[in-house]
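Reader: I have a chain on my screen and would like a close look at a single part of it. Could you walk me through one of its sheets and what lies around it?

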Amino acid sequence: MSAHRIFQAPIGSLIAWTDDTPRPPERHRRKLSQWQTSNSKGRLIRKQGERVGSISLPASFTLHEADYGSGGVIAIRVHRTFSADSRLRFTVLERPAIGAVRVFDRPGEDAELVYLASDCADAEAWLTRHGYPNAVLDEVTADEIAADHVEGRAVA
């Protein structure tokens, strides 16, 4: 699936990307690290349309790949942003479940998914611990998932 098709996937979907090269053996740490740059997976947290102004930027989307830290404290959050022109191959592994609640950091088109809760109570509890004053909650509905199936966008 091309990068353009990812724009049809709902925010919160789990997306894998690959350059179709074979995985090197574990003993080749440098080669494996380079391979993982072009072959991994992450949660879709943001989609941005093409921007035109003083600088023209192609459409892009951002995936949350990993968190690193210890003792419940996240020290590094890894996000990967891909252009719609990317030559990598993308696959939707999983869409958010019906009834799940997406927690966005702010309202509007520039909003970014900060948490995918299993239900409204989970989202509210998470918000009390993480303090996003402008957070927006968005429940995943059956209509959204049904639209994917009607339009032929079932998980590949």
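Author: Strands β6 and β7 run antiparallel to each other and are joined over 4 bridges. One pair to pick out on your screen is valine 101, whose bridge partner in β7 is alanine 117. Please keep in mind that this is a predicted model.

These two strands belong to an open sheet of 3 strands, in the order β7-β6-β8, and the pairing there is antiparallel. β7 and β8 are the edge strands; each has a single partner, so one side of each has no neighbour in the sheet. From one strand to the next, the twist averages 20°.

Now turn to the helix that goes with this sheet. Helix α3 spans residues 120-130, and its buried residues include Ala123, Trp126 and Leu127. These residues lie on the same side of α3, because the arc they cover around the axis is only 100°. Their cover includes all the strands of the sheet we began with: β6 (101-104), β7 (113-117) and β8 (136-139) are among the elements over the buried residues of α3. The other side of the helix has exposed residues, namely Ala121, Thr128 and Arg129.

Both ends of α3 are worth a moment. At the start, aspartate 119 brings a side-chain oxygen to within 3.3 Å of the backbone nitrogen of alanine 121. Cysteine 120 also sits in α3. If you are wondering how to class this cysteine, its relative accessible area is 45%, and it is therefore partly exposed, as the partly exposed class lies between the 20% limit for buried and the 50% limit for exposed. Cysteine 120 also leads back to the sheet: its C-alpha atom is 6.0 Å from that of valine 101, although 19 residues separate the two along the chain. That is the valine whose bridge partner is alanine 117. Just after the helix, glycine 131 has a positive phi of about 55°.

From here, let us move to the other sheet. This one is open too, with 5 strands in the order β4-β3-β2-β1-β5 and antiparallel pairing. Its edges are β4 (73-83) and β5 (89-94), each of which pairs on one side only. Neighbouring strands in this sheet are turned by 40° against each other on average, with direction ignored.

At the β4 end of that order, β3 (residues 60-70) pairs with β4 in the antiparallel sense over 10 bridges. Two pairs will help you find the register: histidine 64 has histidine 79 of β4 as its bridge partner, and phenylalanine 61 stands opposite phenylalanine 82 in β4. The two strands form a hairpin with 2 residues between them, and in the turn glycine 71 takes a positive phi of about 60°.

One residue of this sheet deserves its own look, and that is arginine 46, found in strand β2 (residues 40-48). This arginine counts as buried because its relative accessibility is 15%, and the buried class takes in values under 20%. Its side chain makes a polar contact of 3.5 Å with the side chain of aspartate 110. Setting aside neighbours within four places in sequence, arginine 46 touches Ile11, Phe61, Thr62, Arg106, Asp110, Ala111 and Glu112. Phe61 in that list is the phenylalanine that stands opposite phenylalanine 82.

To place these parts in the whole, the chain has 4 helices and 8 strands. Along the sequence they follow the pattern α-β-α-β-β-β-β-β-β-α-β-α. The C-alpha atoms fill a box of roughly 45 × 45 × 40 Å along the principal axes. Of the 156 residues in the chain, 35% are buried. Among contacts with a separation of 6 or more, 57% join residues that are 24 or more positions apart. The accessible surface of the chain is about 9,600 Å², and carbon and sulfur atoms account for 51% of this area.

Key
Residues are numbered from 1 along each chain as its sequence is written. This is a predicted model: local features need pLDDT of at least 70, side-chain atom pairs count only at pLDDT 80 or more; totals for chains, interfaces and linings use all residues. Side-chain values use heavy atoms; hydrogens and water are left out. Two strands pair if DSSP finds at least two bridges between them. Axes are lines fitted to C-alpha atoms, for helices over the stretch in contact, and angles run from 0 to 180 degrees between N-to-C directions. Buried means under 20% relative accessible area, exposed over 50%, partly exposed in between (1.4 Å probe, protein chains only). The arc is that of the directions from the helix axis to the C-beta atoms. Contact means heavy atoms within 4.5 Å. A polar contact is a pair of N or O atoms within 3.5 Å; within protein, one must be able to donate a hydrogen and the other to accept it, and residues adjacent in sequence count only if both atoms are side-chain atoms. Accessible areas come from the Shrake-Rupley method with a 1.4 Å probe; for residues, only the protein chains shown count as cover.
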